[in-house]
Amino acid sequence: MPNPAQAEGFSLAELAARFGGEVAGPPETRVRRVATVASAGAGDLTFLSNPKYFSGAGGTRASAILLPRSLRDAFSIPRILCDDPYLYFARVAALLAPPRAAVPGVHASAVVGAGAVISPQAEVGPLAHVGAGASIGPGAIIGAGCVVGEGAAIGADSLLHPRAVVAAGCVLGARAIVHSGAVIGADGFGFANDAGRWVKIPQTGRVVIGDDVEIGANTTIDRGALDDTVIEDGVKLDNQIQIGHNVHIGAHTAIAGCVAIAGSTRVGRRCTLAGACAIVGHVTLADDVHVSAATLVTKSISTPGTYTGVYPFEPHAKWSRTAARLRRIEELAERVDAVEARLKDKKPLGN
């Protein structure tokens, strides 16, 4: 079914009334879609915020463009001048392509356990399973083949894409999005060693997720061993992330794909963890910490800022020579210490 907002579009004047900014050019110009500078055509709104793309943007065929105020006179096409074109673009994109509303009802092939409470305004898709005592809030969409475990709770207006799993007892807040293949509430990796054999430790905690959280495809969040694993409001998780048991993620933190966070780690609010970084267990990251891609965090970080532990790539032969020298770093340090000691004592190096 066509999206009415996209079919009719919005004038630049209407967008400015909603989101602010200053219109330059005909305010009645209408846009129906959003697009990149290179692919935009008639009826499209594009944006420009990164200086490295300025030179190639002059030939855009977009009907209108979002610009920083400093570029008021750089284009002649209709434009909206604003403080943050990328953020403005995101808001317009959401306006033109809103998520679909739930179609109330439970599909005939879905299985609903005893005592489950499903709002009359919720949608439960084909072959979904809602366990005994679970609850589904108004406006929620449970996609095809999803599993909502016994006693689990799904908040209002949340969306589970097909084949997502929210295991028994776990809690998902309002307006959450869980993509396909994500598993919330698998057992944490807890074992005790008994003379070389592993004894499983029952994982009896839950996963508790706040409002407005998005969880990417095939991301896994383990339940707590005793206490809960907690994901606070507004957290955004990319695809294929592993979050161990009893981890606590602070509000509005964003984590990119393939990050691994070991158990009992605490990540503060408004942090960003770039792709493929790893954090060992039982450490704490302060609020507003930003970890660069592929960085290994082995100890707590108490001061906000950006942290990087990646050696830049280079041609293999050169990297091999560098690695060989790094293996001798302790020997080199001892030699430097000896030289400094002799210089301090003013002793000849030969003695």
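**Exercise 1. In strand β7 of this predicted model, find which residues lie on each side, and decide whether they are buried or exposed.**

*Solution.* Start with the extent of the strand: β7 covers residues 79-82. Next, recall a general rule: in a regular strand the side chains alternate between the two faces of the sheet. Now sort the residues of β7: R79 and L81 lie on one side, while I80 and C82 lie on the other. Finally, apply the cut-off, which is under 20% relative accessible area for a buried residue. All four residues are buried, and both faces of β7 are therefore covered.

**Exercise 2. Work out which strands pair with β7, and in which sense.**

*Solution.* A reminder to begin with: strands of a sheet pair through backbone hydrogen bonds, either parallel or antiparallel.

- Step one: strand β2 (residues 22-24) pairs with β7 in the antiparallel sense, over three bridges. Here V23 stands opposite I80.
- Step two: strand β6 (residues 64-68) pairs with β7 in the parallel sense, over four bridges. In this pair, I65 stands opposite R79, and L67 has L81 as its bridge partner.

Put the steps together and β7 has an antiparallel partner in β2 and a parallel partner in β6.

**Exercise 3. Place β7 in its sheet, and explain why one side of β2 and of β4 has no neighbour there.**

*Solution.* Write down the strand order: β2-β7-β6-β5-β4. This is an open sheet of five strands with mixed pairing. Then look at the ends of that order: β2 and β4 (33-34) stand at the edges, and each has a single partner strand, so one side of each is left without a neighbour in the sheet.

**Exercise 4. Describe the hairpin of β22 and β23, and find the residue in it that takes a positive phi.**

*Solution.* First set the limits: β22 spans residues 191-194 and β23 spans residues 197-200. Their pairing is antiparallel, over four bridges. One facing pair to look for is N193 of β22 with W198 of β23. Then turn to the connection, where two residues separate the strands. A195 is the residue to pick out, with a positive phi near 55°.

**Exercise 5. Q240 and H252 are residues other than glycine with positive phi. Find where each one lies and how exposed it is.**

*Solution.* Take Q240 to start: its phi is near 55°. Q240 sits in the loop that runs between β28 (236-237) and β29 (242-243). Its relative accessibility is 47%, so Q240 counts as partly exposed.

Now H252, whose phi is near 65°. The loop that holds H252 lies between β30 (248-249) and β31 (254-255). With a relative accessible area of 52%, H252 is exposed, because the cut-off is over 50%.

**Exercise 6. Compare the chain with a compact globule of 351 residues, then describe its make-up.**

*Solution.* Begin with the radius of gyration: such a globule would have a value near 20 Å, but this chain has 27 Å. Then check the box: along the principal axes, the C-alpha atoms fill roughly 90 × 65 × 35 Å. Next, list the secondary structure, which comes to five helices and 39 strands. Of the 351 residues, 39% are buried. Look at the surface as well: the chain exposes about 18700 Å², and carbon and sulfur atoms supply 58% of that area. End with charge: there are 32 positive and 31 negative side chains, and the centres of the two sets lie 7 Å apart.

Terms used:
Residues numbered from 1 in each chain as written. Predicted model: local features only at pLDDT ≥ 70, side-chain atom pairs only at ≥ 80, totals over all residues. Heavy atoms only, no water. Pairing = 2+ DSSP bridges. Buried < 20%, exposed > 50% of the residue type's maximum accessible area, 1.4 Å probe, protein only. Rg over C-alpha atoms; globule rule 2.2 N^0.38 Å. Areas by Shrake-Rupley, 256 points an atom, 1.4 Å probe, with all protein chains shown as cover. Lys, Arg positive; Asp, Glu negative; His and termini not counted. Charge placed at Lys NZ, Arg CZ, Asp CG, Glu CD.
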